[in-house]
Amino acid sequence: MYLHLGNDTVIKTKDIVGIFDMDNTSVSKHTRNFLSNSEKKKRVVNVSFELPKSYIVCFDGEKETVYISQISPSTLIKRMNYLK
């Protein structure tokens with residue numbers, strides 16, 4: 001199954017490690033470090049240039065990718081549940 005993240009970006013649901021709320025989790029120093037390190041390693045894909053609401057961590061067996069999306073985590077989770 002696939003999940004649409006916005007702006008023609010689709011990912012495999014089996015690769016998703018977690019879907020996180022940008023506002024609630026970016027308060028933590030550890031989260032900011034994680035996102036900063038991922039960006040330095042060029043593993044961040046910005047799906048939209050609008051205000052980000054969520055980030056999705058994916059691991060495809062070889063590398064980790066972080067997607068930044070303007071879609072809220074609750075909407076993404078509803079989309080995943082709809083696919084089931």
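This section describes the strands, the sheet packing and the nonpolar cores of a predicted model.

The N-terminal part was examined first as a strand pair. Strand β1 covers residues 2-6 and runs antiparallel to β2. The two are joined by 4 bridges. One of the pairings links L3 to I11 in β2. Together, β1 and β2 form a hairpin, with 2 residues between them. In the turn, N7 has a positive phi of about 50°.

Strand β2 spans residues 9-12, and its side chains alternate. T9 and I11 point to one face and are buried. V10 and K12 point to the other face and are not buried. T9 has a relative accessibility of 17%. Buried means under 20%, so T9 counts as buried. Beyond its sequence neighbours up to four places away, T9 touches L3, H4, V47 and Y67.

An open sheet is formed by 4 strands, in the order β3-β5-β6-β4. The pairing in this sheet is mixed. Strands β3 (16-21) and β4 (44-46) stand at the edges. Each has a single partner strand, so one side of each is left without a neighbour in the sheet. On average, neighbouring strands are turned by 20° against each other, direction ignored.

Strands β5 (residues 54-59) and β6 (residues 64-69) run antiparallel and are joined by 6 bridges. Among the pairings, F59 has E64 of β6 as its bridge partner. Helix α2, residues 29-40, packs on the sheet. This helix touches β4, β5 and β6. The direction of α2 makes about 110° with that of β6.

Side-chain packing was then considered. The largest nonpolar core has 12 residues. Its members are L3, L5, I11, I16, I19, V47, I56, C58, Y67, I71, L76 and M80. Two or more residues each come from β1, β3, β5 and α3 (73-83). Apart from this core lies another, of 6 residues. Among them are L35, Y55, V57 and V66.

Several of these residues recur in the description. L3 and I11, bridge partners in the hairpin, both belong to the largest core. V47 and Y67 also belong to that core, and both are touched by T9. With residues up to four places away in sequence left out, V47 touches L5, G6, N7, T9, Y67, I68, S69 and Q70. The contacts of V47 thus include N7, the turn residue with the positive phi.

Technical notes:
Residues numbered from 1 in each chain as written. Predicted model: local features only at pLDDT ≥ 70, side-chain atom pairs only at ≥ 80, totals over all residues. Heavy atoms only, no water. Buried < 20%, exposed > 50% of the residue type's maximum accessible area, 1.4 Å probe, protein only. Pairing = 2+ DSSP bridges. Axes fitted to C-alpha atoms, helices over the stretch in contact; angles between N-to-C directions. Contact = heavy atoms within 4.5 Å. Core = buried A, V, L, I, M, F, W, Y, C linked by side-chain atoms within 4.5 Å.
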